[in-house]
Amino acid sequence: MIAFARDRRRFLLFGRSRRVDPETHRHRAEVLLESLLTLGPTFIKLGQLLSTRPDVLPPAYIDVLSALQDDVPPAEWAEAKVVLEDELGGPLEDHFAAFETDAISGASLGQVYRARVDPEVVADGGTAGEDGEGAIGTDEPPVTVAADDAGREVAVKIRRPNIEELVNADLRVIKWSLPILLTFVDESRSFSLENLADEFSKTIREEMDYEREAAMLREIRTNFAGDDRFVIPDVIESHSGPRVLTMEYVEGTKINDVEELERKGIDRTRLSENLERAYLQMIIEDGVFHADPHPGNLAVTDDGRIVFYDFGMSGRVDSFVQEKIVDFYVAVANQDIDGILDALIEIGTLSPDADRGVMAEVMEIAIQDARGEDVEQYRINQIVGQIEDSIYVFPFRLPKNLALVLRVATVVEGVCVTLDPEFDFIDTATNYLTEQGYREETARQYVRETGQQLRRTGESLTRLAPKTERALDRLDRDDLFVRIGVEDEGDVFATFAKRLIYGMLLTMSLFSMGVLYALGAPEASVVAAVFSFAVSIQLYRSFREPRTTRVKPQFTRQNLRQRRGEK
């Protein structure tokens, strides 16, 4: 925390702001990464969350922490077995036909094993992409899983033993550390950090609740019933509980294994489009979404269907946020920069005080980059230089209900670009909005609002003439008064008064120091000198206070090309 503050201001709490080169930021980020790995499961999750928060950390931190995978050694099988048998209420052999005791995946909060259940075990119903009979939300009864004599293969997710106590202790440490950190950051980052702490505490507790995960999985699976582009595993209710989740085991190729996908002849561009469309549907239409789409949680079957794993991190979007996200995407599709900024301000992610001129240029470059077009490096340098020279308070902040949405958008865009470096994220979103009628509805709404505005303008014009006549009559009778109010949003008068007081105190203390020294009181003159020095610092700080906003734009595709060594 001290290093982070030292990178932003020369003397921690005062002094002129500093610019730190990317190499220093990267070094700090690597030290932070090692610390998070050492601190254990809770802090690994915190690092993953921080890697999706450009409103909190500089780009170098985001780049380093994005490599933090939720991949830690699994707990001892003997300890995991105790949790499993305690949750299911009986010996392992009574519930599974076979069980592999070597974990296939070790995560910070849980670990996954492969097993087999008896052929007659009742499950929720068909996988998304099939006919959906017996799925939650229908009137059909649950179906009995058909399988051979060896049983049906499943994945069993078991919460780590004693993880609750460890998480609670770590959350207390984070809660106690937050007030210290907030003293070193500006107001906007303070807003984001407080939201981050609340969101993290809520998210990690939800992720440990496997009953909630099962409910979210069932709901999302129902929303995609009948869509053969996606596979969502079903839940084995009889073998699940708050600490154990048993699901259908679906095998597939990891979605970022480009060489294997190419070998199997799978269309990677189509795969990217399907992935983006799936998340657009979840966020814009369904209001419930899988919020952890990193490559470890996405796979592809041999026939090109996308498999979703691990619904522990999932979220909901309310209707207001859905509406504003649609407005944002429609504005992006129409390349309406003012509409984009208005949507960001209304949804609460952009400060109303941000410099719209600078932010408009940043948005233009971001859209150009998202479309896969080459961004002229001189334009990036020009804007970043302009930002560094005149902007100090970070204008972006993330409300609690948008943090997971941003995570999804960021990670999905990265996965799509990995599959197809020329993938046009905006074009796919535009086509989706057009097909679903959102752009047409937005146009109709604009026409309605314009008609209402014209009607109100006409009504105002009919009332203007009488009001003008009354004002002229009062002017003719010398009975017209003008009231003027001075707005001082920048606290100019307060700043001027503060500097005036500091100047007077400095003059008085310097005069006192000279008089005391001349009268032979060196100890008193030293006190006056110290006071003069303190006042001088405060006066200096009053002239160095920031006035505008600071931002460092992120260029996902540009960063990808740099990492690949492209010119």
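Here is a short tour of the model, stop by stop.

Before you click anything: this is a predicted model, where local features need pLDDT of at least 70, side-chain atom pairs count only at pLDDT 80 or more, and totals for chains, interfaces and linings use all residues. Residues are numbered from 1 along each chain as its sequence is written, and side-chain values use heavy atoms, with hydrogens and water left out.

**The whole chain.** Show the cartoon: there are 20 helices and 13 strands (DSSP runs, H or I of at least four residues for helices, E of at least two for strands, numbered from the N terminus). Of the 567 residues, 46% are buried, meaning under 20% relative accessible area with a 1.4 Å probe, protein chains only.

**Strand β8.** Select residues 244-248. All of this strand is inside: 5 of its 5 residues are buried, so β8 is largely enclosed by the rest of the structure. Add β6, residues 152-159, which runs antiparallel to β8 and is joined to it by 5 bridges (strands pair if DSSP finds at least two bridges between them). Zoom in on Ile158, whose bridge partner in β8 is Val244.

**The open sheet.** Next, pick out the four-strander: 4 strands in the order β7-β12-β11-β9, with mixed pairing. Its edges are β7 (230-231) and β9 (253-254), each pairing on one side only. Between β7 and β12 (residues 306-308) the pairing is parallel, over 2 bridges, and Val231 has Val307 as its bridge partner in β12. Now turn on residues 268-286: helix α10 lies across β7, β11 and β12, at about 40° to β12 (axes are lines fitted to C-alpha atoms, for helices over the stretch in contact, and angles run from 0 to 180 degrees between N-to-C directions).

**α2 against α3.** Select residues 22-39 for α2, then add α3; their axes come within 6 Å and cross at roughly 145°. Show side chains for Leu36, Leu37 and Leu39 of α2, which meet Pro41, Phe43, Ile44 and Gly47 of α3 (contact means heavy atoms within 4.5 Å).

**The cavity.** Last stop: the structure holds 1 cavity of 30 Å³ or more (on a 1 Å grid over the protein atoms alone, a set of points where a 1.4 Å probe fits but cannot get out; lining residues have an atom within 4 Å of a point). Its volume is about 50 Å³, taken as the space filled by probe spheres set on the points, which are joined across faces, edges and corners. Select Lys45, Leu49, Phe200, Thr203, Ile204, Glu207 and Met313 to see the lining. The largest share, 4 residues, comes from α7.

Conventions: Buried < 20%, exposed > 50% of the residue type's maximum accessible area, 1.4 Å probe, protein only. 1 Å grid on protein atoms, 1.4 Å probe; cavity = no way out; pocket = protein on both sides within 12 Å on 5 of 7 lines; lining within 4 Å.
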